[in-house]
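Me: Please take a close look at the salt bridges and the parts of the chain that they join. How many of them does a search of the whole structure find?

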Amino acid sequence: MLDLIERELIYLAYYMELQLRQLFWFYVLGTLLGSFISVFAKDKIHKLLTTRTWSAWGFLGFFVAALLGFASPICMYGTLPIVAALYHQGIKQDVLACFMVASVLLNPQLIAYSLALGPIVFTLRIVTCLLMALCAGVLIKVFFRNTPFFNFKSFGGGHNHDTDPNLLLRYLKNVGRNLKATLPYFIGGMLIAALFSIHLPRDEFAELFGRDNGLGVLYAATLGVPLYLCGGGTVPILISWLAAGMSKGAAVAFMLSGPATKINNLAALKAVLGLRNFVLYLVFVLVFALVTGLITNALEFLQVLPTYSLY
C-alpha cells in the first residue's frame with residue numbers, strides 16, 4: 001500500500017513539474033499583463049466606450065467593442081456596473097452585448113495563458129470568441145431593436161480596489177490579488193491534468209472526444225458548464241486533453257461554453273437578464289459552441305487546419 005502511494009506521488013510530482021515548466025512563464029506573463037492593464041489602462045478602455053459615436057460605426061462598432069471587451073481585465077461583477085452606466089448614458093444595448101460577451105470569454109490574462117495551447121488552438125480561441133461576441137451583438141440588434149434586453153435595476157455598483165496613491169504599490173497590490181484569485185485554480189488545474197495523465201486511458205478518451213465522434217463536441221460543450229471555474233486552471237487540463245486526442249472542435253466548444261456559463265457569472269447574468277432572456281443566453285451559448293465546434297472539426301477533417309502541435 002505504501003509503495004502504491006509513493007508511486008502515485010512520484011507520478012504526480014513528475015507530471016506537475018512537467019506542466020509547471022511548460023506553463024510557468026505564460027502564467028507569470030498573464031498575471032503581470034492583467035494587473036498592468038487593470039491599473040494603468042482600465043479607465044481608458046471604458047472611456048473609449050463612451051466617447052465613440054457607435055451608431056455611425058455600424059458593424060465596425062461591434063468589432064471595436066469586442067476588442068475592448070477582450071482588453072478589459074475585470075470580472076463579470078465589475079463589468080456589469082460599467083455596462084449599466086454606459087447603458088444609462090445612451091450606448092446601444094447591441095454594442096454593450098458585444099462588449100460584455102467578449103469580456104466574459106477572454107481577458108488579457110487568459111489570452112496570455114492560452115498561448116501555452118500552441119499557435120493553432122490559440123488562434124482558434126481568439127477567432128471563435130470574437131465571432132461569438134459579434135454574433136451576440138448582431139442578434140440583439142436584429143431581435144431586440146425596440147425591446148430592452150437588459151434590466152440593470154437590481155444590480156449594484158462594483159468596488160474599485162485600485163486606489164493606492166502610489167502607482168507602484170497599486171500595481172503590486174493588484175498583482176497580489178490576481179495571484180490570490182487565480183493561483184489555487186492554476187495549481188488545481190495542473191493537479192487534475194496530472195491525475196488524468198496517470199489514470200485515464202488515452203485511447204478511450206480520444207474515441208470519446210476525437211474528431212471522428214460528432215457527439216464529442218456536444219460532450220465538451222456540456223462539460224464546460226460545470227467544470228469551468230477559472231480560465232488559468234483549464235489551460236493545463238486542455239493541454240492534457242489535446243495531447244490525448246481531443247479534437248480541436250471539442251476544445252473550441254469547451255473554450256466557448258465554459259467561460260460563458262461559469263457558475264459565478266451566471267448568478268450576475270440572471271440578475272440583469274431576467275429568466276426568459278437568461279434562458280435565451282444559455283441556448284445561444286450552447287448552440288454557438290456546438291455549431292462552431294462541428295465546423296472546426298469539419299475543417300480539421302478536410303485538412304484545412306494542421307494537426308495539433310503544442311509549438
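Reply: A residue is called buried under 20% relative accessible area, exposed over 50%, and partly exposed in between (1.4 Å probe, protein chains only). Asp94 has 7% relative accessibility, so it counts as buried. The model is predicted: local features need pLDDT of at least 70 and side-chain atom pairs pLDDT 80 or more, while totals for chains, interfaces and linings use all residues. Residues are numbered from 1 along each chain as its sequence is written, and side-chain values use heavy atoms, without hydrogens and water.

The search of the whole structure finds 2 salt bridges; the term stands for a side-chain nitrogen of Lys or Arg within 4 Å of a carboxyl oxygen of Asp or Glu.

One of them pairs Asp94 with Lys141, at 4.0 Å from N to O. It links distant parts of the chain: Asp94 belongs to helix H6 (residues 93-105) and Lys141 to helix H8 (residues 119-143), with the two positions 47 residues apart in the count along the chain. Helices here are DSSP runs of H or I with at least four residues, strands are runs of E with at least two, and both are numbered from the N terminus. Unlike Asp94, which is buried at 7%, Lys141 is partly exposed, with a relative accessibility of 34%.

The other salt bridge is formed by Glu300 and Lys248, whose closest N and O atoms are 3.2 Å apart. This pair also links distant parts of the chain, 52 residues apart: Lys248 is in helix H13 (residues 248-260) and Glu300 in helix H14. Both Glu300 and Lys248 are buried.

The burial of Lys248 goes with that of its helix: 13 of the 13 residues of H13 are buried, so H13 is largely enclosed by the rest of the structure. H13 reaches 18 Å from its first C-alpha to its last, close to the 18 Å expected for its 13 residues at 1.5 Å a residue; the expected span is 1.5 Å times one less than the number of residues. H14, the helix of Glu300, covers residues 263-301 and also holds Val291. Val291 is partly exposed, at 41% relative accessibility.

Next to the H6 and H8 pair there is a loop residue to consider. Phe144 lies in the loop between H8 and helix H9 (167-199). Phe144 counts as buried because its relative accessible area is 11%. Its C-alpha atom is 8.7 Å from that of Gln93, although the two are 51 residues apart along the chain. Leaving out residues up to four places away in sequence, Phe144 touches Gln93, Leu139, Phe149, Arg276, Asn277 and Leu280, where a contact means heavy atoms within 4.5 Å.

As for the setting, the chain has 14 helices and 0 strands, and 49% of its 311 residues count as buried. Among contacts between residues at least 6 apart in sequence, 84% join residues at least 24 apart. The unreviewed UniProt entry annotates several transmembrane regions, including residues 95-116, 122-144 and 278-299; such annotations, given in the numbering used here with shortened feature names, may be inferred rather than shown by experiment. Over residues 95-116 the chain is 82% helix and 0% strand, with the end C-alpha atoms 31 Å apart. Over residues 23-41, also annotated as transmembrane in that entry, the chain is 95% helix and 0% strand, and the end C-alpha atoms are 26 Å apart.
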